[in-house]
Structures are given as structure tokens and as C-alpha cells.
Amino acid sequence: MESSATEPANPMNSTEPMKPPATTLRSVDDLCDHALVPSERMPELAEVAARYAVAITPAMAGLIDRSNPQDPIAQQFVPDARELETRPQERSDPIGDEAFSPVEGVVHRYPDRVLLKLVNACAVYCRFCFRRETVGPGRGGLSANALAAALDYIRSRPEIWEVVLSGGDPLVLSPRRLKDVVTRLAAIAHVKVIRVHTRVPGVAPERVTSALVRALRTEKATFVVLHANHPRELTERARAACARFVDAGIPMLSQSVLLRGVNDDAETLGALMRAFVECRIKPYYLHHADLAPGTAHLRTTVAEGQALMRALRGRYSGLCQPAYMLDIPGGYGKSPIGPNYLREDGVEIEDFRGERHRYQP
Ligand SMILES: *Cc1c(COP(=O)(O)O)cnc(C)c1O
């Protein structure tokens with residue numbers, strides 16, 4: 001139907017691309033102003049937003065197709081009334097970080113590596129976040145004293161070979177603060193590897209300045225692990241931001257969360273993995289979605305995930321293969337969950353087409 005000039009503008013029906021907002025959208029009012037939620041749903045969505053933080057950066061708001069109610073970018077960031085429905089098996093701390101936190105800001109679950117959570121804020125808030133009960137704007141981060149205590153803990157444990165900066169998103173910090181932390185970590189002799197887990201190169205590529213890249217460079221091996229879930233997130237500007245890290249000698253890996261309606265089909269998942277590889281990012285993990293509260297509508301089954309992994313293996317380069325991981329509820333850590341190509345009897349192996357062959361060493 002054609003709209004005439006006399007009709008009042010209805011942004012929800014407009015096919016014109018919306019101009020991206022100048023700043024991050026943080027309230028249901030902001031989302032309504034930018035045609036991301038209809039005004040009649042504001043009361044229930046305000047309830048969701050009061051419980052779980054909302055933030056959509058200009059880069060992500062500009063990517064959302066308003067004419068598609070199932071838009072995969074919107075599914076990740078725009079609040080949904082179903083988030084108010086918590087299932088009995090869902091937990092506020094789904095992977096059991098609390099029990100493995102020896103000092104504030106540190107999670108030490110595996111012997112050789114720790115998570116160091118510098119901030120509780122992110123550039124965007126994902127609707128499926130497993131730390132959704134603890135992240136948000138204004139939740140602060142580690143104080144100077146707490147950071148000193150966390151570094152003391154790492155310094156006192158020679159078995160800690162790797163430190164993973166996680167959060168919150170560490171790349172929301174200023175280059176100056178990042179440089180301070182990275183320099184102090186690099187000065188610890190037994191810390192050989194520093195890894196940064198972030199969504200920033202995709203969702204706020206303008207933050208990846210040469211000062212930020214320089215802040216992460218030390219004589220220790222530094223890796224940046226990009227979290228992205230849909231190939232459209234890898235825009236030209238996002239690709240350029242990733243290239244700044246890789247060109248500076250900082251290798252990149254990816255992590256993605258398998259999400260219903262976002263990337264749970266072989267074409268989308270394959271395109272995502274190819275986009276990573278084209279950016280010189282090696283696909284690392286595909287996470288089965290955690291049992292975070294109010295996220296059942298975004299989870300797939302494990303069997304669906306395994307079928308998708310088979311489809312990836314059947315159709316795409318070995319460079320495009322992530323490991324499919326489950327973080328075991330209760331704090332037991334991550335395990336790869338297949339699929340398994342060796343049959344139970346151990347004398348038959350399936351190839352990428354699904355055909356079986358005898359294997360008798
Ligand atoms: C996921 C995680 C890591 C990193 O695990 P890798 O398998 O090395 O990527 C480290 N510590 C904790 C507590 C984690 O949850």
C-alpha cells in the first residue's frame with residue numbers, strides 16, 4: 001500500500017531506512033522514538049528493561065531492519081516480554097562463577113587460567129546474557145584496591161599461565177585504563193598470555209582506535225576474541241576495526257552463541273563463520289545458550305546444535321569450524337558436545353557426507 005503525503009508518518013511501517021541514532025539507546029522510550037518497539041508494548045517492555053539492562057549502540061540500531069519483526073539483530077538486543085518468564089531450570093548464575101571467585105573480579109575455575117572481570121558494563125546488553133543479573137550501566141567495576149588485590153592473587157599463583165579479560169566488556173574502558181591493567185599483567189613473569197573477550201569491534205567499531213590497539217600490545221601474546229552471532233554484524237566498519245588488531249600483530253578468535261531465530265540455520269551459521277575467516281578471525285567456540293533467566297525462547301536443543309555442526313562440517317572449509325561447547329551448569333566448566341563421528345563400537349567412522357567406513361587400526 002502506498003502512503004500519501006497527508007498520512008501521519010508511522011515509523012513502524014516505513015520502508016525508509018532509519019537514520020542511526022547519535023548515541024546508545026538505553027530506555028524503552030529511546031527504543032520507541034527510534035521505531036524499535038511499538039508504543040502499545042511500552043509498559044510490559046519497561047518492566048523487562050527495569051529487570052535487565054538495555055543498550056543498543058548506534059552501529060547496531062542502524063543495522064536493524066524495522067520492516068522485519070524477526071530481525072536477527074533486533075532479537076539479540078531489543079527487549080522481549082518473554083524475558084519475564086523464568087523456567088525452573090534457569091539460574092541467576094547459570095555457569096556457577098560465584099563459587100569459583102577467590103577474590104573480587106577473579107574467576108579461577110581451570111588451573112592454568114583465570115577470568116579477570118574489570119567492568120560490569122557493556123557497549124550493548126544481549127537479551128541472552130548469562131551474566132544478565134550482574135551486568136548493567138552504573139554497576140561499576142573493580143575499584144583500584146580490588147584490582148590490586150586481584151593482581152596480587154594472580155601474582156601469587158605461578159600456575160596461572162593465561163588471564164582472560166572478560167566482564168562486562170573490557171573494551172568499554174579507556175585506552176589509558178586498559179594500558180595500565182595490561183602492563184601490570186604483562187609484568188607478571190608466569191602470565192604468558194592475555195586474552196580479551198569483547199563485542200566492541202562489531203557493536204562499537206569506532207572505539208577501536210590506534211590508542212586502544214596500542215594499549216593492548218605488550219611483549220606477551222595477546223589475543224582478542226570477538227563475540228558476534230550474525231554475519232550482518234560484520235559490517236565494513238567492524239571488519240576495519242578487526243583488521244586494526246590483526247595488522248598490529250594481535251591474532252583474533254571468535255565466539256558465538258547459538259540462538260533460535262538468529263543463527264540456527266546452516267546458511268546463516270556458515271556465512272557467519274566465513275565472515276570471521278575472511279576477517280582473519282579463527283572461529284573458536286559456538287556456545288550452546290546458557291540457562292540464563294528469561295531466555296528459553298532463544299535457546300535451541302543440543303540435538304539441533306549438533307545437526308548444525310554436521311551441516312557446517314559437510315559444507316564449509318575446516319577454517320570455518322568452531323567447537324560446539326556447553327558450559328555445564330553448576331560451575332563444572334565447558335565441554336565440547338559433539339557431534340561425534342566415531343560410532344560407539346569404535347570401528348566405524350562417519351565422513352562429512354554421513355557415509356560410514358570401517359576403521360581398524
Ligand atoms: C570460559 C572460561 C574460561 C576460558 O575457557 P577456554 O576453554 O580456555 O576458552 C576460563 N575461565 C572461566 C571461568 C571460564 O568460564
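# A tour from Ser256 to the ligand and back out

Select Ser256 first: its side chain reaches the backbone oxygen of Ala228 at 2.7 Å. That is a polar contact, meaning a pair of N or O atoms within 3.5 Å; within protein, one must be able to donate a hydrogen and the other to accept it, and residues adjacent in sequence count only if both atoms are side-chain atoms. The model is predicted, so local features need pLDDT of at least 70 and side-chain atom pairs count only at pLDDT 80 or more, while totals for chains, interfaces and linings use all residues. Residues are numbered from 1 along each chain as its sequence is written, and side-chain values use heavy atoms, with hydrogens and water left out.

**Stop 1: around Ser256**

Stay on Ser256 and show strand E6, residues 252-258, which holds it. Helices (H or I, at least four residues) and strands (E, at least two) are DSSP runs, numbered from the N terminus. Is Ser256 buried or exposed? Ser256 is buried, at a relative accessible area of 0%. Buried means under 20% relative accessible area, exposed over 50%, and partly exposed in between, with a 1.4 Å probe and protein chains only.

Now display what Ser256 touches, leaving out residues up to four places away in sequence: His227, Ala228, Asn229, Leu272, Met273, Phe276, Tyr285, Leu286 and His287. Contact here means heavy atoms within 4.5 Å.

**Stop 2: Leu226**

Move to Leu226 in strand E5, residues 221-227. Leu226 is buried too, with 0% relative accessible area. Draw a distance from its C-alpha to that of Phe276: the two are 50 residues apart along the chain and 9.1 Å apart in space. Phe276 is among the residues that Leu226 touches. Others include Thr198, Pro201, Cys242 and Ile281, again not counting residues up to four places away in sequence.

**Stop 3: the ligand**

Select the ligand. Which residues surround it? They are Val107, Arg109, Tyr110, Arg113, Leu115, Arg195, Tyr284, Tyr285 and Lys334. A residue counts as near if one of its heavy atoms lies within 4 Å of the molecule. Tyr285 was also on the contact list of Ser256.

Check three polar side chains next:

- Arg113: a side-chain N or O atom is 2.6 Å from an oxygen atom of the ligand.
- Tyr284: a side-chain N or O atom is 2.7 Å from an oxygen atom of the ligand.
- Lys334: a polar side-chain atom lies 3.0 Å from an oxygen atom of the ligand.

On its own the ligand has 390 Å² of accessible area, and the protein covers 92% of that. Accessible areas come from the Shrake-Rupley method with a 1.4 Å probe; for residues, only the protein chains shown count as cover.

Turn on the pocket surface: the ligand sits in the largest pocket. On a 1 Å grid over the protein atoms alone, a pocket is an open set of points with protein on both sides within 12 Å along at least five of seven lines. A molecule sits in one if more than half of its atoms lie within 2 Å of its grid points.

Colour the strands that give two or more residues to the shell: E1 (106-110), E2 (113-117) and E7 (281-288). E1 gives the most, with 3 residues.

**Stop 4: His108 and Gly333**

Within strand E1, pick His108. His108 counts as buried at 14% relative accessibility. Its side chain reaches the backbone oxygen of Pro111 at 3.2 Å. Among the residues that His108 touches are Arg113, Tyr153 and Glu159.

Then take Gly333 in strand E9. Gly333 is buried, with a relative accessible area of 0%. Its contacts include Arg109 and Tyr110. The C-alpha atoms of Gly333 and His287 are 12 Å apart, with their positions 46 residues apart along the chain.

**Stop 5: backbone oddities**

Most residues other than glycine have a negative phi, and most peptide bonds are trans. Four places to inspect follow.

- Gly167 to Gly168: this peptide bond is cis, with omega near 10 degrees. Gly168 lies in the loop between strand E3 (162-166) and helix H6 (175-186).
- Gly338 to Pro339: also cis, with omega near 5 degrees. Pro339 is in the loop between E9 (333-336) and E10 (348-350).
- Ala35: phi is positive, about 60 degrees. Ala35 sits in the loop between helices H1 (28-33) and H2 (42-51), and is buried at 3%.
- Arg280: phi is positive, near 65 degrees. Arg280 is in the loop between helix H10 (266-278) and E7, and is partly exposed at 45%.

Technical notes. On a 1 Å grid over the protein atoms alone, a cavity is a set of points where a 1.4 Å probe fits but cannot get out, and a pocket is an open set with protein on both sides within 12 Å along at least five of seven lines; lining residues have an atom within 4 Å of a point.
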